[in-house]
Amino acid sequence: MVGRRRLGRQFGWLWASYAVSAYGSGLGFGALPLIAVLALHAAPAEVSALSAVGPAVGALIAVPLAPWMEFRRKRPVMIMMDLTRFAAMATIPVAYALGWLGFVQLLVVSAVVAAAKIAFNAASGAYLKALVRPDDLLVANARFESTNWSSIAVGPPLGGAAIGLFGPVTTVVADALSYLLSALGITAIRGQEEASRTTGSSPLRAGALLDGWRHLLGHPGLRALYLNNMLVGGLIMATEPLLAVLLLRQLGFPPWQYGLAFAAPCVGGLIGSRLARRVVTRYGRDAVFRTVGTLRAIWLIGLAFVRPGVVGLVTVMAVELAIIINMSLYSPVLATYRLEHTPRHLVARTLSAWSIGQQASIAILTALAGLLADVTSPRTALTAAGLLILTTPLLLPRPDRTAQHEPEPATSR
């Protein structure tokens, strides 16, 4: 079973560091938009800009970071990115206490944190590939996936209560401290780490910025999975603001029910992630990509049929639970395949390209869904997203494509 397999003390420190920052981010989920509304009385357009523009700018900032960190030791990069996020987030409670907090500062912090997150995730993926044996990659990724979903289940409700009791910047303080603790945990990891070697050309050449995308789009299996994941992830995330308007404004759900509708189904993330290794062992990776990849896409249309009252609340929770179980089973298998089929000297750039593409897709599809909702209604936009996502299984790779490029041979560690 996933939970009983030992991956060593070094992985334990990495996992603990990830858990601390994940739970801190869970507590601080949605904190910047809340501060904009509660402390700065921002208009709806400003709140939307904070949710979309900041991460989009962060993705642009992350583009040149990928080749910069590719040939450096990943552990110092991870520590640097954690300290960067700590410093950026810490400016908010300080400015709030001094009466200097402004909307532009929130935008800047949002962009810096988004860029640092992309860089951290890319570096940690490359570091994980060097830290654990190839046979243990799926177990490790499943543990990260499980931790992520449990933090989303627990963090936002506790964060909302903390804001109500102690003020709007409380969860930002907790989030900032979690990055500091994560950096300390990564510092505790011992052992010599080798930097990736160049392949003969300068890692800082202009073309190095695009090497991650070249690898993703040149590999038949990764290309199909990349395009599919961008569309699926973008459409699912695009429904969140639409559902907020539908449930809170049009159907009259109280905020606590809205929070419960999204927090409770995250328990499904623990179920799916713990099943990942067992399902792959029994049915094979290609079956997970085809079957589970399809199952995670067929439920979204159910959100278009939500009605007021208990039945509507149960409908949202059931749809979200089905999506999350399948996503949490699919995601660690995808993450493992991506690492196995990416050469070590390209891992950071490939993971950065993946994250940047995903972030761009979310921003574009969220904006388009919002425009459609303005012209028609949130329910119509939810219906359109639900119908469009039903076409995404057509992008999933055929088994011959996932096997066409063999993973690089394991090297001694």
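This is a guided tour of a predicted model, stop by stop, for use with the structure open in a viewer.

**Before selecting anything**

Residues are numbered from 1 along each chain as its sequence is written. Because the model is predicted, local features need pLDDT of at least 70 and side-chain atom pairs count only at pLDDT 80 or more, while totals for chains, interfaces and linings use all residues, and side-chain values use heavy atoms, with hydrogens and water left out.

**The whole chain**

Show the whole protein as a cartoon, and look for 16 helices and zero strands; helices (H or I, at least four residues) and strands (E, at least two) are DSSP runs, numbered from the N terminus. Of the 413 residues, 49% are buried, where buried means under 20% relative accessible area, exposed over 50% and partly exposed in between, with a 1.4 Å probe and protein chains only. Among contacts (heavy atoms within 4.5 Å) with a separation of 6 or more, 88% join residues 24 or more positions apart.

Next, colour by pLDDT, the predictor's confidence in each residue, from 0 to 100. The protein averages 85, and 90% of the residues score at least 70. Among the elements, helix 4 (residues 74–98) has the highest mean pLDDT, 94, and helix 16 (residues 399–402) the lowest, 67. Then select residues 409–413, where pLDDT stays under 50 and for which the model has six contacts beyond four places in sequence. Where pLDDT is low, the predicted coordinates should not be read in detail.

**Helix 6 and Ala-162**

Select helix 6 (residues 137–166), and within this helix pick out Ala-162. Ala-162 counts as buried because its relative accessibility is 17%. Leaving aside neighbours within four places in sequence, Ala-162 is in contact with Gly-167, Thr-170 and Thr-171. Add Leu-27 to the selection: Leu-27 and Ala-162 are 135 residues apart in sequence, and their C-alpha atoms are 8.7 Å apart in space.

**Helix 12, seen down its axis**

Select helix 12 (residues 285–295) and highlight its buried residues, which are Val-288, Phe-289, Val-292 and Gly-293. Seen down the axis of helix 12, these buried residues fall within an arc of 110°, taken from the directions from the helix axis to the C-beta atoms, so they line one face of the helix.

**Helix 13 and Ala-318**

Move to helix 13 (residues 309–340), where Ala-318 lies. Ala-318 counts as partly exposed because its relative accessibility is 44%. Ala-264 is 54 residues away from Ala-318 along the chain, and the C-alpha atoms of the two are separated by 9.9 Å.

**Helix 14 and a cavity**

Select Thr-350 in helix 14. With a relative accessible area of 1%, Thr-350 is buried, and beyond its neighbours within four places in sequence it is in contact with Gly-212, His-215, Leu-216 and Thr-342.

For the last stop, select Val-63, Ala-66, Leu-209, Trp-213, Arg-349, Ser-352, Ala-353 and Ile-356, which line the second largest cavity. On a 1 Å grid over the protein atoms alone, a cavity is a set of points where a 1.4 Å probe fits but cannot get out, and lining residues have an atom within 4 Å of a point. The elements that give two or more residues to this lining are helix 3 (44–70) and helix 14 (347–375), and helix 14 gives the most, with four residues. The second largest cavity has a volume of about 40 Å³, a volume being the space filled by probe spheres set on the points, which are joined across faces, edges and corners.

Key
1 Å grid on protein atoms, 1.4 Å probe; cavity = no way out; pocket = protein on both sides within 12 Å on 5 of 7 lines; lining within 4 Å.
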